[in-house]
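Hi everyone, thanks for making time. I'd like to walk you through a structure that's new to most of you, so let me put it up on the screen.

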Amino acid sequence: MSDEPVLMEIELQPESIPSQMATAEDSPLDETLEGAVVRLLKKHRLKVTTAESCTGGLVAARLVNVAGASEVFHEGFITYSNKAKRKYLDVKKRTLKAYGAVSRQTAYEMAVGGAAAADSDACVAVTGIAGPDGGTEEKPVGLVYIGVCVKNDVHIGEYHFSGDRRQVREQAATRALELLQRCIMDRCE
C-alpha cells in the first residue's frame with residue numbers, strides 16, 4: 001500500500017449516522033460518542049489530532065472531556081484564517097484560491113496536513129460557514145465539510161446544518177466525531 005493519502009468521498013446526511021455507532025461488547029451502554037472514539041483510538045493504538053476552523057476547538061474539547069484522552073490526543077490546530085491553514089496544515093494557496101476555505105479540497109488538505117504536522121495516525125478536520133453571515137447561494141450558512149484521515153485513507157463528508165451559529169458548530173463537532181469513529185472502524189476493524 002502506498003504512503004500517499006487516498007481520497008474516498010462520502011456524503012452523509014445527518015439522519016443517516018446513528019449518534020453512537022460503537023457496538024463493541026465492552027462498550028458501556030452510557031458511553032458518550034467522544035468516549036467511544038477515545039476507546040477505539042486506544043484499542044487500535046492510534047494517535048489523533050484535530051484541525052478545526054468553524055468549530056474553533058469544539059472537537060478537541062469534546063475529546064479532552066474523556067478521562068485518559070491524553071493517551072491518544074496530543075495536539076490540535078485551530079486554523080480559522082486561510083493564513084493559519086497554510087502555515088500549520090500546509091493547505092495550498094492555489095487550493096484556497098480555486099475552491100475557497102469551505103470546500104472538499106480544503107477539508108482534504110486540512111486532514112492530511114494535520115496528520116502530517118502532528119505526526120499522528122488520524123486527523124479530523126472541519127471547515128464551514130457557521131453564520132449568521134458569510135453564506136452565499138453557492139455556499140450557504142450551515143455548509144460544512146469534514147475530512148478524516150486515518151492511516152492515509154481520507155474521507156470527506158459534506159453536511160448542511162440548520163440553526164444558529166452555536167447550533168451549527170455543535171452539530172458539526174458531533175458529525176466530525178461520528179465520521180472519525182466510522183473511519184476508524186472501517187480502516188482498523
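Okay, let's start in the middle. The largest nonpolar core has 35 residues, and the ones that touch the most other members are V126, V144, I146, V148, V150 and L180. Who supplies this core? Helix 1 (33-43), helix 2 (58-64), strand 4, strand 5 (143-150) and helix 6 each put in at least two residues. The top contributor is helix 6, with 10 residues. There's also a second core, separate from that one, made of 20 residues, and C123, A125, L143 and Y145 are among them.

I should say right away that this is a predicted model, so please keep that in mind throughout.

Now let me step back for the overall layout. We have 6 helices and 6 strands. Reading from the N terminus, the order goes β-α-β-α-β-α-α-α-β-β-β-α. The protein has 189 residues, and 52% of them count as buried. If you take contacts with a separation of 6 or more, 67% of them are between residues 24 or more positions apart. As for the outside, about 9400 Å² is exposed, and 48% of that comes from carbon and sulfur atoms.

Back to helix 6, then. What does L180 touch, once we skip its neighbours within four places in sequence? The list is V37, V48, A122, V124, V148 and V150. Another residue to look at is I184, which sits in helix 6, residues 165-188. Is I184 buried or exposed? Its relative accessible area is 0%, so I184 is buried. Again leaving out neighbours within four places, I184 makes contact with L40, L41, H44, L46, V150 and E189. And here's a nice pair to find on the screen: V37 and I184 are 147 residues apart in the sequence, yet their C-alpha atoms are 8.5 Å apart in space.

Next, helix 3, residues 82-89. Which of its residues are buried? They're A84, K85 and L89. If you look down the axis of helix 3, those buried residues fall within an arc of 105°, and therefore they line one face of the helix. Turn to the other side of helix 3 and you find K83 and K87, both exposed. The buried residues have plenty of partners: they pack against strand 2 (48-52), strand 3 (73-78), helix 4 (93-99), helix 5 (104-118) and strand 4 (122-128).

Right after helix 3 there's a backbone detail. D90 has a positive phi of about 60°, and this is a residue other than glycine. D90 belongs to the loop between helix 3 and helix 4, and with 49% relative accessibility it counts as partly exposed. Elsewhere, K151 also isn't a glycine, and its phi is positive too, at about 50°. You'll find K151 in the loop between strand 5 and strand 6 (153-160). K151 is partly exposed as well, with a relative accessible area of 39%.

While we're on loops, one more backbone item. Going from G131 to P132, the peptide bond is cis, and omega is near 5°. P132 lies in the loop between strand 4 and strand 5.

And one loop residue that's tucked away: S120, between helix 5 and strand 4. Its relative accessible area is 14%, under the 20% cut-off, so S120 counts as buried. A polar atom of the S120 side chain lies 2.9 Å from the backbone oxygen of A122. Not counting residues up to four places away in sequence, S120 touches K47, V48, T49, G114 and A115.

Last stop, the aromatics. How many aromatic pairs does the structure hold? There are 2. One of them is Y159 with F161, and their rings are stacked, 5.7 Å centre to centre with 5° between the planes. Y159 is buried at a relative accessible area of 0%, and F161 counts as buried too, at 6%.

So, if you take one picture away, take the 35-residue core, with helix 6 giving the most to it. Happy to go back to any of these spots on the screen.

Notes. Residues numbered from 1 in each chain as written. Predicted model: local features only at pLDDT ≥ 70, side-chain atom pairs only at ≥ 80, totals over all residues. Heavy atoms only, no water. Buried < 20%, exposed > 50% of the residue type's maximum accessible area, 1.4 Å probe, protein only. Helix = DSSP H or I, 4+ residues; strand = E, 2+ residues; numbered from the N terminus. Arc of directions from axis to C-beta. Contact = heavy atoms within 4.5 Å. Core = buried A, V, L, I, M, F, W, Y, C linked by side-chain atoms within 4.5 Å. Polar contact = N/O pair within 3.5 Å; in protein donor to acceptor, adjacent residues only side chain to side chain. Areas by Shrake-Rupley, 256 points an atom, 1.4 Å probe, with all protein chains shown as cover. Phe/Tyr/Trp six-rings, centres within 6.5 Å; stacked < 30°, edge-to-face > 60°.
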